[in-house]
Amino acid sequence: MDICITSGSRGGTGKTTFSIIMAHVLKYIYQKNIIIINLSKIPYRIKTDIDIETDMVDGDIKIYDFPAFHLGDRDLLSLYLSCRNIVFVADEDPHTLESAGTFLKLARGRKLGILINMIIGRPKLKYMILYSKYSKIYLIPFDEQLRIYRANGIDPIKLRSVGVAKMVKAAVDIARRLNS
């Protein structure tokens, strides 16, 4: 089983944070070794009990954490097109929406969900409607604790924050959808 977590050509959306949280949820549910494949090859510098690799390895369940990439990047695009299960992490802005539309139309795999980062207050209805055309949406509120966890090397699952709680809830729902 594999899950690809991407935001298309947009960086800084929280893909890595969600990848780690999703890995923890799947590890708890399946009691198997979960491997995150860090496709950016930039070290996470996070203390966690989840296996994080920068090379392709075999494993029961793999989560591919895509860096921001463009359609001209043939290697990443080829891997993306072969994904069987896709989670898209998006911001509320026109650039990300355009990127999401392009990447989600190209996707051949199941679109398990779209996480929308709510930067300020309530989400804009316009983005909720447009993103919901592609998959189920999950609203994740911006949280100061999420912003600083990487700088301190803390596993995001250990943070007490609303953002993490919403991501865990989304990961559990996505895990249920994997089996349906």
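Let's start in the loop between S2 and S3, because that is where Arg45 lies, and at 63% relative accessibility this residue counts as exposed. Arg45 is not a glycine, yet it has a positive phi of about 60 degrees. Keep in mind throughout that we are looking at a predicted model.

Which other residue has a positive phi although it is not a glycine? That is Lys41, with a phi of about 65 degrees. Lys41 sits in the loop between strand S2, residues 34-38, and S3. With a relative accessible area of 49%, Lys41 is partly exposed, since exposed would need over 50%.

Moving along the chain, Asp58 has its place in the loop between S3 and strand S4, which covers 61-65. Buried or exposed? Asp58 counts as exposed, at 76% relative accessibility. To get a feeling for distances, take Asp58 together with Lys126: they are 68 residues apart in sequence, and their C-alpha atoms are 41 Å apart in space.

Now for the sheet. How many strands does it have, and in what order? There are 7 strands in an open sheet, the pairing is parallel, and the order reads S3-S2-S4-S1-S5-S6-S7. At the edges stand strand S3 (51-53) and strand S7 (137-141); each has a single partner strand, so one side of each is left without a neighbour in the sheet. From one strand to the next, the twist averages 20 degrees.

Let's zoom in on one pair. Strand S1, residues 2-6, and strand S5, residues 85-91, run parallel and are joined by 3 bridges. If you would like to find one residue pair there, look at Thr6, whose bridge partner in S5 is Phe88.

What packs on this sheet? One element that does is H3, which touches S5 and strand S6 (110-118), and the direction of H3 makes about 165 degrees with that of S5. Helix H6, residues 162-178, lies across S1, S5, S6 and S7, and runs at about 165 degrees to S7.

Let's stay with H3 for a moment. Leu104 lies in this helix, which spans residues 94-106. At 2% relative accessibility, Leu104 counts as buried. Leaving aside its neighbours within four places in sequence, Leu104 is in contact with Tyr80, Phe88, Lys111, Ile114 and Tyr134. You may remember Phe88 as the bridge partner of Thr6. Leu104 and Ser7 are 97 residues apart along the chain, but their C-alpha atoms are separated by 9.8 Å.

H3 also meets helix H4, residues 125-132: the two axes come within 11 Å and cross at roughly 10 degrees. That angle makes H3 roughly parallel to H4. On the H3 side, the contact is made by Pro94, Thr96, Leu97 and Ala100, and on the H4 side by Tyr127, Leu130 and Tyr131. By type, these residues divide into 6 nonpolar, 1 polar and no charged.

Finally, the nonpolar cores. The largest has 32 residues, and those touching the most other members are Phe18, Met22, Leu26, Ile63 and Leu115. Take Phe18 as an example: leaving aside neighbours within four places in sequence, Phe18 is in contact with Ile5, Val87, Leu115, Met167, Ala170, Ala171 and Ile174. Apart from that core lies another, of 26 residues, including Cys83, Leu97, Phe103 and Tyr131. Two of those names should sound familiar: Leu97 and Tyr131 also take part in the contact of H3 with H4. Thanks for listening!

Conventions:
Residues numbered from 1 in each chain as written. Predicted model: local features only at pLDDT ≥ 70, side-chain atom pairs only at ≥ 80, totals over all residues. Heavy atoms only, no water. Helix = DSSP H or I, 4+ residues; strand = E, 2+ residues; numbered from the N terminus. Buried < 20%, exposed > 50% of the residue type's maximum accessible area, 1.4 Å probe, protein only. Contact = heavy atoms within 4.5 Å. Pairing = 2+ DSSP bridges. Axes fitted to C-alpha atoms, helices over the stretch in contact; angles between N-to-C directions. Core = buried A, V, L, I, M, F, W, Y, C linked by side-chain atoms within 4.5 Å. Parallel < 35°, antiparallel > 145°, perpendicular 65-115°, else oblique. Nonpolar A, V, L, I, M, F, W, Y, C, P; charged D, E, K, R; others polar.
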